[in-house]
Amino acid sequence: MGLFDGIREVLGIRAEADATRNADPEDLFGMSTAYITMEAELGYEAVGEAALCFSEVDNTDFRAAVDEVHEILEFGAEETGTEAEGHTDDYGYSWVVLRDDDYEDLVTSLHFAADTLIEHGYGSRLLAAVFGFERDGDPAYWVYSFRRGSYYPFAPTGTSDRDSGAEFKLESNLDGELEVESDKEYWYPLWPDAPGKHPWE
């Protein structure tokens, strides 16, 4: 299964059909405390970046909604300092990438972006929110699947391998603090294009 098919099935069509509960952008605020556990108990430092992944709709109303997302983030940057940029990857999925050393501002800005698309009626286009961490040079991510309404850990060791032991440890330490996906079939890897890169790059 290629990356395109995997994202479409696991974060998209199949996850929507198998959804256990409705996604709620308020779930993103769980990372406001989870990052403290990641740092204090597990030794993972936040990389100061997070990203929102969604699929586009080819109409002017959707484009206006995306433009509003960027306008809100640009306006908010004056107060929070959160930097935002958007791009479309090689598979046709769009990303809003946020950067901020203040983790709570980062989470709040990501919530605003997701909530704006939902308010415009495009919640079904949201695929995932991805939060980045690092320990001793090794990356780890918490991925929130909007279609499943739950988080799962992802610890890539390159572009095609993952550290399952690290993922299970993250699950055991954060389950209860975050709504962790119990069905590991949905722990889909969002591989970076190259070692040392983030999935959203």
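This is a short tour of the chain, stop by stop, for you to follow in your viewer.

**Before you start.** You are looking at a predicted model, in which local features need pLDDT of at least 70 and side-chain atom pairs count only at pLDDT 80 or more, while totals for chains, interfaces and linings use all residues. Residues are numbered from 1 along each chain as its sequence is written, and side-chain values use heavy atoms, leaving out hydrogens and water.

**The whole chain.** Show everything as a cartoon and you should find five helices and six strands; these are DSSP runs (H or I, at least four residues, for helices; E, at least two, for strands), numbered from the N terminus. Tracing from the N terminus, the order is α-α-β-α-β-β-α-β-β-β-α. Of the 201 residues, 48% count as buried, meaning under 20% relative accessible area with a 1.4 Å probe, protein chains only.

**Strand E3.** Now select residues 93-99, which form strand E3. Six of its seven residues are buried. Add residues 45-55, strand E1, which pairs with E3 in the antiparallel sense over seven bridges; strands pair if DSSP finds at least two bridges between them. To see one bridge, pick Phe54 and its partner in E3, Ser94.

Next bring in residues 83-88, strand E2, which is also antiparallel to E3, over six bridges. Here Glu83 stands opposite Arg99 of E3. E2 and E3 form a hairpin with four residues between them. Click on Gly92 in that turn: its phi is positive, at about 90°.

**Helices H3 and H4.** Select residues 60-80 (H3) and 103-119 (H4), whose axes come within 9 Å and cross at roughly 155°. The axes are lines fitted to C-alpha atoms over the stretch in contact, with angles from 0 to 180 degrees between N-to-C directions. H3 and H4 are therefore roughly antiparallel to each other, a label for angles over 145 degrees. Show side chains to see who touches whom, with contact meaning heavy atoms within 4.5 Å. On the H3 side, the residues in contact include Phe62, Val69, Ile72 and Leu73; on the H4 side, Phe112, Ala113 and Leu117 are among them.

**Helix H2.** For the last stop, select residues 31-40, helix H2. Which of its residues are buried? Colour Met31, Ser32, Ala34, Tyr35, Thr37 and Met38. Then show what covers these buried residues, which includes H4, strands E4 (126-135), E5 (138-145) and E6 (150-154), and helix H5 (164-174).

How values were computed. Buried < 20%, exposed > 50% of the residue type's maximum accessible area, 1.4 Å probe, protein only. Parallel < 35°, antiparallel > 145°, perpendicular 65-115°, else oblique.
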